[in-house]
Amino acid sequence: VAALTAIQRTTALSPTLKWPNDILIAGKKMSGILIETAVRDGGVLYAVLGFGINVNFDPSRTPEIAGLGTSLSEEMRKQVSREALLEAILEELSTLYERLKAWAAVRHRWEASLETLGSHVRVQWGDRVEEGLAEAVDPDGNLLLRRSDGTVVTMSGGDVASPG
């Protein structure tokens with residue numbers, strides 16, 4: 001949400017989110033978050049989070065992502081100040097960090113930006129694969145996926161794609 005809002009503030013673009021954490025512009029990925037965790041005895045020992053944003057990147061120079069990925073400069077048709085974007089992200093992170101105790105407000109902004117909801121998707125999480133309608137997210141941010149048989153499965157993570 002912080003990166004999404006910062007991009008909106010600094011570029012006037014209208015990005016959306018693909019559950020749980022990719023930022024898209026016109027259906028093309030331009031940002032993502034990676035989280036590495038260590039788990040022991042059913043509990044999380046730690047999590048390391050990082051994110052990347054394609055700022056001044058020419059996706060046509062990387063054939064494997066041409067047509068799938070984009071960048072701020074590609075969409076704006078001009079170079080974008082990394083410093084201005086970073087400043088906006090840090091300001092948004094600071095604001096949202098203060099509001100984390102009121103997760104519902106942040107969750108509402110995140111959920112309202114999810115283009116995944118209402119779409120038929122395929123979610124792969126390790127060896128597990130589920131397909132269905134991305135119906136909603138629960139209060140913890142898990143994706144609620146309605147299978148073709150009507151049952152709902154809760155997905156806590158995974159890679160989301162159109163069913164192939």
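User: Why does Glu 74 count as partly exposed?

Analyst: In this predicted model, Glu 74 has a relative accessibility of 29%, and because partly exposed covers what lies between under 20% for buried and over 50% for exposed, Glu 74 counts as partly exposed.

User: What makes the meeting of Glu 74 and Arg 77 a salt bridge?

Analyst: The side chains of Glu 74 and Arg 77 meet at 3.7 Å, N to O, and since the limit for such a pair is within 4 Å, this one is a salt bridge. Arg 77 itself, with a relative accessible area of 68%, is exposed, because the cut-off for that word is over 50%.

User: How do you know whether Asp 22 is buried or exposed?

Analyst: Its relative accessibility is 11%, and buried means under 20%, so Asp 22 counts as buried. Its salt-bridge partner, at 3.4 Å from N to O, is Lys 29, which is partly exposed with a relative accessible area of 38%.

User: Why is α3 called oblique to α4?

Analyst: The axes of helix α3 (residues 82–99) and helix α4 (residues 103–112) come within 8 Å and cross at roughly 130°. Because that angle belongs neither to the range of 65 to 115 for roughly perpendicular nor to over 145 for roughly antiparallel, α3 is oblique to α4. The contact involves Glu 92, Leu 96 and Arg 99 of α3, together with Trp 103, Ala 105, Val 106 and Arg 109 of α4, and these residues divide into 4 nonpolar, no polar and 3 charged.

Terms used. Residues are numbered from 1 along each chain as its sequence is written. This is a predicted model: local features need pLDDT of at least 70, side-chain atom pairs count only at pLDDT 80 or more; totals for chains, interfaces and linings use all residues. Side-chain values use heavy atoms; hydrogens and water are left out. Axes are lines fitted to C-alpha atoms, for helices over the stretch in contact, and angles run from 0 to 180 degrees between N-to-C directions. Helices (H or I, at least four residues) and strands (E, at least two) are DSSP runs, numbered from the N terminus. Angles under 35 degrees count as roughly parallel, over 145 as roughly antiparallel, 65 to 115 as roughly perpendicular and the rest as oblique. Contact means heavy atoms within 4.5 Å. Ala, Val, Leu, Ile, Met, Phe, Trp, Tyr, Cys and Pro count as nonpolar, Asp, Glu, Lys and Arg as charged, and the others, Gly among them, as polar. Buried means under 20% relative accessible area, exposed over 50%, partly exposed in between (1.4 Å probe, protein chains only).
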